[in-house]
Amino acid sequence: MKLTFSSLPGAGSSTVARLLAKKLRIKHVDAGEIWDKMAKERKIDLMGLTTLAEKDKSIDLELDKKMLGYAKDENDLILEGRLCGWQCYKNKIPAFKIWLKCHFDVRAKRLAAREKKALLEIFKETKKREESEAKRYKNYYDIDINDLSIYDLIIDSSKMTPGEIVGCILKNPKFKITNHK
């Protein structure tokens, strides 16, 4: 069983993917954690890496190559990251693809609380980050991040707890647990 979780920042995909992986007792690979490590290795913050990635395509390609490797080489895992669903789709890798959508203001409030930053600062950073990512995904892969047509399940996480979202996934008739341990 291979699942992908994708969303824009603050929608809850990392939290939900972690919870579902624990419940199903399968591996969880988080693209955000890999991105964080890449920033630390370069001794820059996340926005610095985003800015650098706008000029250096190899940064995105490095992350995406790692995630695609997991998708190709392993079974029984959850891949979580903005492009994981698209990577599986474009590379014809069977996976149940989930997108968590969430209103921008809700996502910004979550990010501000998590990162302990002012809401206005988060608004500006998040808008800049999302615009940068959308542009890079289109230029590098011809992916429109707003095209949700490839996803098997789209859930609005604006008013749901992570536990409720996990329950919603497990109860969804499209979701089939084939190799549950």
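Me: Which helix does Ile122 lie in, and what makes that stretch a helix?

Reply: Ile122 lies in helix H7, where a helix is a DSSP run of H or I with at least four residues, a strand is a run of E with at least two, and both are numbered from the N terminus. This is a predicted model, in which local features need pLDDT of at least 70, side-chain atom pairs count only at pLDDT 80 or more, and totals for chains, interfaces and linings use all residues. Residues are numbered from 1 along each chain as its sequence is written, and side-chain values use heavy atoms, with hydrogens and water left out.

Me: Why is Ile122 called buried?

Reply: Buried means under 20% relative accessible area, exposed means over 50%, and partly exposed lies in between (1.4 Å probe, protein chains only). Ile122 has a relative accessible area of 1%, and therefore it is called buried.

Me: What is Ile122 in contact with, leaving aside its neighbours within four places in sequence?

Reply: With contact meaning heavy atoms within 4.5 Å, and with those neighbours left aside, Ile122 is in contact with Ala108, Leu111, Ala112, Glu115 and Lys117.

Me: Why does Glu125 count as buried?

Reply: Glu125, which is found in helix H7 (residues 119–141), has a relative accessible area of 19%, and because buried means under 20%, Glu125 counts as buried.

Me: What makes the pair Glu125 and Lys117 a polar contact?

Reply: A polar contact is a pair of N or O atoms within 3.5 Å, where within protein one must be able to donate a hydrogen and the other to accept it, and where residues adjacent in sequence count only if both atoms are side-chain atoms. The side chains of Glu125 and Lys117 are joined at 3.0 Å, so the distance satisfies that cut-off.

Me: How do you know that Lys27 and Glu74 form a salt bridge?

Reply: A salt bridge is a side-chain nitrogen of Lys or Arg within 4 Å of a carboxyl oxygen of Asp or Glu. The side chains of Lys27 and Glu74 meet at 3.1 Å, N to O, and therefore the pair qualifies. This pair links distant parts of the chain, with Lys27 in strand S2 (residues 27–30) and Glu74 in the loop between helix H4 (57–73) and strand S3 (77–80), 47 residues apart.

Me: Why is Arg114 called exposed, while Glu115 counts as partly exposed?

Reply: Arg114 has a relative accessible area of 58%, which is over 50%, so it is exposed, whereas Glu115, at 29%, falls in between and therefore counts as partly exposed. Salt bridges that share partners join Arg114, Glu115, Lys117 and Glu125 into one network.
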